[in-house]
Amino acid sequence: MEDRGFHEECGIVGVFGHGNVVDLIYYALYALQHRGQEGAGIVVHNGTKTRVHRGLGLVSDIFTESQRRALNGRMGIGHNRYATTGKATKLRNVQPILVDYKGGKLAIAHNGNLTNAKELRRRMERAGSIFQTTTDSEIVLHLVARSKAPTLPERLLEAVDAVEGAMSCLVMNEKQIIGYRDPRGFRPLALGSYDGMHILASESCALDILGAHFIREIEPGEMIVLDADGIHSRMVRTGRQHSFCMFEQIYFSRPDSHVFGESVNAVRRELGRLLARRHPVDADVVIAVPDSSNSAALGYADESEIPFELGLIRNHYVGRTFIRPGQRSRVDAVRVKFNPVVEILEGRRIVVVDDSIVRGTTSRQLVRLLRKTGAKEVHFRVSSPAIQNPCYYGIDTPRKVELIRSRMRVEEICSYIGADSLGYLTTEDLRAAVKAPQSYCLACFTGEYPTSIPQEADPLVFDVD
Ligand code: SF4
């Protein structure tokens with residue numbers, strides 16, 4: 001992903017079991033860190049006590065062995081979080097959020113963004129509600145706590161009726177974990193099992209790391225309850241056009257995950273093949289901007305019959321969140337993050353495949369780097385259409401004016417980044433690469449948002465301070 005300009009907001013996991021669940025949650029969060037690396041938390045309940053630990057940084061730093069030992073529990077939920085652009089994550093905004101209410105303990109872990117969050121929060125504050133965080137997820141907790149319905153699933157149902165936007169979430173009390181996916185299904189949520197325990201997680205790769213069995217994805221509009229009696233599922237909200245986030249396939253999800261009924265790797269390979277057909281070029285070698293573009297670059301190489309090589313080596317220790325405010329930091333990030341392999345690039349005509357161009361800054365730096373290394377020609381190929389609009393459904397996006405395609409034509413972008421040629425996919429290509437094309441949201445490419453967007457809605461996450 002060019003510029004690291006689009007950021008997934010969260011990864012979530014919940015385990016209901018008979019033994020200690022904290023290690024399962026820990027390793028699942030570890031596998032989901034690409035969805036959020038700046039903070040994480042785990043809430044567990046052991047039959048008598050509910051415990052929470054949350055922190056800033058990487059999962060492995062937050063949950064030391066002694067921390068994990070202190071989180072002994074038979075059920076629990078966890079969360080990975082990204083900061084919003086240019087801001088450091090604040091500890092109070094790290095999830096799961098845990099509160100006490102008249103029914104006992106209540107915790108939430110949420111992936112998505114509510115488009116009517118500001119309006120709801122204003123209304124609640126006027127009515128006397130006090131918020132501990134600046135996240136929209138806390139609004140859901142307030143709605144659940146205020147509901148007069150007799151059971152947690154019914155309370156949650158009332159709450160989700162009041163909210164709009166994207167919501168894959170886990171809500172937990174002392175007896176149940178409830179998973180819910182909004183009726184448009186913007187964000188994924190998978191169900192698995194391990195040694196008689198049930199697991200809910202944002203992506204199937206979190207199940208794989210545990211050696212768990214992938215059962216199925218939670219359907220849009222489905223509520224699933226995990227408790228001592230097993231699993232209870234109900235379709236609670238139906239009749240909406242599905243709006244799966246296409247960027248999960250292009251970039252956010254891990255290629256080894258199965259998301260929205262598809263192998264992410266297979267979709268990306270197909271996007272690469274379509275890209276080679278749409279924008280063929282005479283070249284010596286295909287390289288990827290690693291790692292998120294590897295599958296698409298392999299697809300381009302397959303179709304074009306130009307050999308794929310590892311022309312850029314990524315420094316994995318920089319992390320996917322190496323972004324700080326200001327242009328200068330982004331320039332540094334490219335130099336630190338990618339190292340060119342001279343013997344592959346020198347004197348060659350290169351096709352470089354990236355999954356997207358956001359601001360153009362990183363692409364420009366990459367092309368410069370390739371040329372400095374001796375590349376004879378650099379042909380930039382993008383395995384998505386041009387991003388022209390912000391996202392309101394849980395992806396932290398730059399403002400519209402920062403999106404290079406909203407200011408420049410494709411030829412201008414090509415000249416700005418210094419490439420010999422530039423080619424994007426079209427939205428038709430995206431649709432051709434997936435099994436259920438009508439079920440996807442493409443709003444950041446087309447501007448056709450699947451829900452109404454209140455004027456005051458913030459495309460960035462609902463951080464008001
Ligand atoms: S606007 Fe783009 S990033 Fe946001 S949900 Fe739709 S496809 Fe995904």
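This report describes the fold, the ligand shell and some local backbone features of a predicted model.

**Confidence and domains**

The protein chain has a mean pLDDT of 91. Of its residues, 91% reach 70 or more. Two stretches call for caution. Over residues 320–327, pLDDT stays under 50. The model has 16 contacts beyond four places in sequence for residues 320–327. Over residues 460–465, pLDDT also stays under 50. Here the model has 18 contacts beyond four places in sequence. Where pLDDT is low, the predicted coordinates should not be read in detail.

The chain is divided into two domains. Domain 1 covers 2–243, and domain 2 covers 260–446. Their C-alpha centres lie 32 Å apart.

**The seven-stranded sheet**

One open sheet has seven strands in the order 4-3-5-2-11-10-12. Its pairing is antiparallel. Which strands stand at the edges? They are strand 4 (50–56) and strand 12 (213–217). Each has a single partner strand, so one side of each is left without a neighbour in the sheet. From one strand to the next, the twist averages 15°.

At one end of the order, strand 3 (residues 39–45) meets strand 4. Seven bridges join strand 3 to strand 4, and the two run antiparallel. Within this pairing, I42 stands opposite H53 in strand 4.

**The four-stranded sheet**

A second open sheet has four strands in the order 18-21-22-24. Here the pairing is parallel. Strand 18 (285–288) and strand 24 (421–424) are the edge strands, and each pairs on one side only. The twist averages 20° from one strand to the next.

Strand 18 and strand 21 (residues 349–354) run parallel, joined by four bridges. V285 has I350 of strand 21 as its bridge partner.

Two helices meet this sheet. Helix 13 (residues 361–372) packs on the sheet and touches strand 21 and strand 22 (377–382). The direction of helix 13 makes about 150° with that of strand 22. Helix 14 (residues 410–417) lies across strand 22 and strand 24. Helix 14 runs at about 130° to strand 24.

**A hairpin and the strand pairs**

Strand 6 (residues 97–101) and strand 7 (residues 104–111) form a hairpin. Two residues lie between these strands. I97 stands opposite I108 in strand 7. The table sets this pair beside the two described above.

| Strand pair | Sense | Bridges | Facing residues |
|---|---|---|---|
| Strand 3 and strand 4 | antiparallel | seven | I42 and H53 |
| Strand 18 and strand 21 | parallel | four | V285 and I350 |
| Strand 6 and strand 7 | antiparallel | five | I97 and I108 |

**The ligand shell**

Which residues lie around the ligand? They are F186, C245, M246, F247, C391, Y393, I395, C441, L442, A443 and C444. By class, the shell has eleven nonpolar residues, no polar residues and no charged residues. Two helices contribute. Helix 8 (246–252) and helix 16 (443–446) each supply at least two residues of the shell.

**Unusual backbone geometry**

Most residues other than glycine have a negative phi, and most peptide bonds are trans. Three places depart from this pattern.

A cis peptide bond joins Q95 and P96, with omega about 0°. P96 sits in the loop between strand 5 (75–81) and strand 6. Another cis peptide bond joins P290 and D291. Its omega is about -5°. In this bond, proline comes before aspartate. D291 lies in the loop between strand 18 and helix 10 (294–304).

The remaining case concerns phi. F260 is a residue other than glycine, yet its phi is positive, near 55°. F260 is found in the loop between strand 16 (258–259) and strand 17 (262–263).

Terms used:
Residues numbered from 1 in each chain as written. Predicted model: local features only at pLDDT ≥ 70, side-chain atom pairs only at ≥ 80, totals over all residues. Pairing = 2+ DSSP bridges. Axes fitted to C-alpha atoms, helices over the stretch in contact; angles between N-to-C directions. Domains from an automatic or database assignment. Near = placed C-beta within 6 Å. Nonpolar A, V, L, I, M, F, W, Y, C, P; charged D, E, K, R; others polar. pLDDT = per-residue confidence, 0-100. Contact = placed C-beta atoms within 7 Å.
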